[in-house]
Amino acid sequence: MTDTPLLPRRLMLVIAAGQGLALLLLYKANETGAWPSEFPLWSYPLWTLALAVPVLLLLTLERGNEFRVTKLVGIFALVLVLAAAYVGFQARPFDEFPIGSLTGIFACTIALACFKALMYLQQRAAGLPMSYEVLFRNSWRNFLVLALAVIFAGVFWLILNLWSELFHVIGIDFFKHLFGKDWFLFPVLGLAHGVGIIMFRNLTRVIDSIARLLQGLIKLLLPLVVLIAAGFLVTLPFVGLDALWSTGHGTAMLLWLLALILFFTNAVYQDGGGDSPYPMAIHRMLYVGLLVTPFISALSLYGLVLRVEQYGLSIERCWALVTWLVFTLFAVGYVVGILRKRDHWTRELARVNTGMGLVVLAIMLLANSPLLDFRKITLASQLERVESGEIRLQDFDFWYAHKQLARPGYLALAKMKEQVADSDPDLLDRIENPELWYYRDKQTMTEWWQRVVFRPSGLEVPDELRELIWRDSGMSAALDPVLIQADLNEDGQDEYALILLAGTHISTAKIYYKGVAGWTSTWANVSDPNAYKQRDAGVIRDGRISLEQAQFKNLRIGDVVIRAMDSDPGPGIALGKQTGGPVATARVAFDRDGITSTQLRGFADKATGRKLTADDPVRIASISKLVTAIAVMRLVEDGTLDLDADVSTLLGWPLRDPAFPATPITLRLMMSHRSSLTDAAGYWQTPLGGSLREIVEDPRAWDAEHAPGTYFRYANLNFPLVAAIMERATGERFDELMQRLVLQPLRIDGCFNWESCSAATAARAVVLYDTEGTPVKDDNQGRKPDCAVMPATDGSCDLSQWRAGENGGLFSPQGGLRISARGLARIGRLLLGDGSVDGVRLLKPESVQTLITPLWQYQDGNGLVYEEDTEDSAQGFFCRYGMAVQTLATPLDGCRDDPFGDGVERIGHSGSAYGLQAGLWVDRAHGNGVVWFATGMPDVRQGGRSAFSAVEEALAHGD
């Protein structure tokens, strides 16, 4: 940059618009799953070129140097492509492991490499000899121009939003729809960013003034920072190093202190020429103080070496060592200059800083190459610890390898699984479920047992039982365990009740008893009317223990057992054995980057002995509503639907509560179950060729006592109507529309009512069973059903009879989605990612916020807190609800919507039908979530301390 640059503005605007277009194409590819989104070997280089090259050109071009700049930037772009291709290769096989860490490190290192290279490119393009004075000035200008251009583009975007909202208020939605289109925003914001760069590059005097202001502020801080460093080192010999290392981040603090000293010194002394900016006394005090930097460097290295010797290398420690090396070279260069030049030592700054800038550039590029791949270095270090006998293979950090080491970690774990598949099932479980064991390993078995409160005090627990209890509950590091010994069935043999406390209430309880095959366990039904009030959990630790006889014994008729619930279980804990159990359970935990653990038990199909896998599709019941709502929001974003419009217009006939004919029904009311519709007239039994309108014309379909918008009543009928509206608006069949809008872009192999699934997918169906083990749904017997929908009244199944909007219940939008646990986890990750998952942007963040924001919260008299349509009328199940999104852990009396028992707010949806109980729950604050389902369950949720079943509560905890 010269002081008065002459800029080729038209060319720069073309480049800025081209960048916006390139980013739009890549974004849309990710959104739809098109090439190159699933091919990281191509996508990483293309994203790198689209982001980096235009910015380099915009900051370097001047009139007359276009050819020279293009050549220099082209050469550097080739280097970037090679680095990006290597990192993209490390992301393969795609979608088998999290790549968030890989992408984050690559983005940061390449951004720093581009920033460093830019200063050298600008000098070469200007034909000037290498001068640190120019490098220093350009670095500040580049930083400020970029920052201000980004701010300018952001303000421009805010003004567009204001524009659209102002016209929206007066009933003109054209601008709202236009400004929300991707094809409009990317090019326009790209141009705005380019205009910002042009504008601020022309204001060099203003930019330099801002830089001088910042440097002046730093000038005031440098003496303080040097004084702190010197005082800290003087104090250390008297207090020792133990306190520093005991923090666990002592090395990081030392490196930050060193970074501040070096950065502030450079900012203040700049090129080292001219007079000192301080009086001579302060100048001398500063350079004497700078002599301490090698000591700070030595201390930080000592701390790093201790950690590496104790735990081996990690990616973080590799970067810490590189950071230490760079800072040390800077510090040593400065100290040598001080010893040689004394008062004039700053004349050495230019030589040291110019050379070190190239060193930093080289390191950033090499870190994205096979020459300095910290993932491979880390893996080799950790494996060497195993091979040397320093740690056992069981103690290898499988979670870190899966989460952070990308392809090298994936290949290493795959090799380990092959080696132990037939010889060590426990170790195989550690490798396949690293997150589960990661949390268990946070505390040893001995440490966990030291936390247990024994009742009676000092009771002896058999060793084999200790191991079983630890395997069941050792992951629950945040819960307080109480173990009670008692002869619960009065057979002369003691049983044990393990109660886990979460703060002031009971989280869960389990009974351990000895049978013919040894110690085993069963869940306990916790009956505690105070569980959702703040109370002292000390009663569990200290209260009187007694045994109660059940009111009724079990009635057995052949193999059928009928159990009666106690009419008044009282305030204690009802402990009892349960026979049978789920046919299958699945639990998949995830975070924003991918799946973190998988727990699978039982059979997808008992008849064939086919075991359940995370990829088997299951009828996920009412969680289907949440997925349907996501598709609705996509249609809202593109202007096809309006959440607050009268839906009668699209249906083609009036949809009104007969008791409140003047109140229009909207999509927002329907998806939040506040439309005054009920399920009393049915909702699913309209056959092929029939009309949904006949159901809503039945007076039983309406709540005659509460006007639309005033009362929450969970009614499935809302969603067949929503599907009908979607079909009328688009002309597409609902199941095919869901493929286009949600399932295909997210690469989910699923469908509604099997019709749009392949025969191979249907062959992997999870069969749904009742509690007696009898198939009740999706017993496909290895093939696709002959008729996936309710046949016509004459028994035919000709889908050519379908007419858009006539029968929105045909493909069961309220509960008919067939999706795997792994696929459902992608829906959860979409919510975690504010509408984006693995680079696919499906919804805007504001659309996600619209879905999840509660539109109803329970208060006395404003709605029902259970689902009327089933026998499962557990009070307190629904307490907060948005648009097909339920919010858990409502802190109100009467609300029992916390199966996790930790009081943490989670969003998602539950599902229950045909012997299946399921949940998708996302903790957005902590960035994680879980999917679960169990088959062969009762129609009524039972046995839990919450309104959820005991089995679901166990799945919530990963037990």
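Let's start at the strands. β21, residues 907-913, pairs with β22 in the antiparallel sense, over 7 bridges. This is a predicted model, so keep that in mind throughout. One pair to look at: Gly-908 has Trp-921 of β22 as its bridge partner. The hairpin of β21 and β22 has 2 residues between the strands. There, Tyr-914 takes a positive phi near 55°.

Now the other neighbour. β22 is also joined to β23, residues 928-935, by 7 bridges, and the two run antiparallel. Here Gly-919 is matched with Trp-932 of β23. This second hairpin, of β22 and β23, has 4 residues between its strands. Gly-927 takes a positive phi in it, near 75°.

So what about β22 itself, buried or exposed? It spans residues 916-923, and 8 of the 8 are buried, so the strand is largely enclosed by the rest of the structure. Both faces are covered. On one side you have Leu-916, Ala-918, Leu-920 and Val-922. On the other sit Gln-917, Gly-919, Trp-921 and Asp-923, again all buried. Note that two of these have come up already: Trp-921 is the partner of Gly-908, and Gly-919 is the partner of Trp-932.

On to helices. Take α4, residues 100-126, and α14, residues 349-366. They pack at an angle of about 145°, and their axes are 9 Å apart. Which hand is the crossing of α4 and α14? It is left-handed. From α4, the contact uses Thr-109, Ile-110, Leu-112, Ala-113, Lys-116, Ala-117 and Tyr-120. From α14 come Thr-354, Gly-357, Leu-358, Val-360, Leu-361, Met-364 and Leu-365. As background, an α-helix has 3.6 residues a turn, so residues three or four places apart point the same way.

Next, α23, residues 623-637. It has 15 residues and reaches 22 Å from first C-alpha to last, close to the 21 Å expected. How much of α23 is covered? Mostly covered: 15 of its 15 residues are buried. Just after the helix, Gly-639 takes a positive phi of about 85°.

Last, confidence. The chain averages a pLDDT of 86, and 90% of the residues score at least 70. Two stretches need care. Residues 529-535 stay under 50, and the model gives them 16 contacts beyond four places in sequence. Residues 563-579 also stay under 50, with 38 such contacts. Where pLDDT is low, the predicted coordinates should not be read in detail.

Note on methods. Residues are numbered from 1 along each chain as its sequence is written. This is a predicted model: local features need pLDDT of at least 70, side-chain atom pairs count only at pLDDT 80 or more; totals for chains, interfaces and linings use all residues. Side-chain values use heavy atoms; hydrogens and water are left out. Buried means under 20% relative accessible area, exposed over 50%, partly exposed in between (1.4 Å probe, protein chains only). Two strands pair if DSSP finds at least two bridges between them. The expected span of a helix is 1.5 Å times one less than its number of residues. pLDDT is the predictor's confidence in each residue, from 0 to 100. Contact means heavy atoms within 4.5 Å. Axes are lines fitted to C-alpha atoms, for helices over the stretch in contact, and angles run from 0 to 180 degrees between N-to-C directions. A crossing is left-handed if the near helix is turned anticlockwise from the far one by less than a right angle, and right-handed if clockwise.
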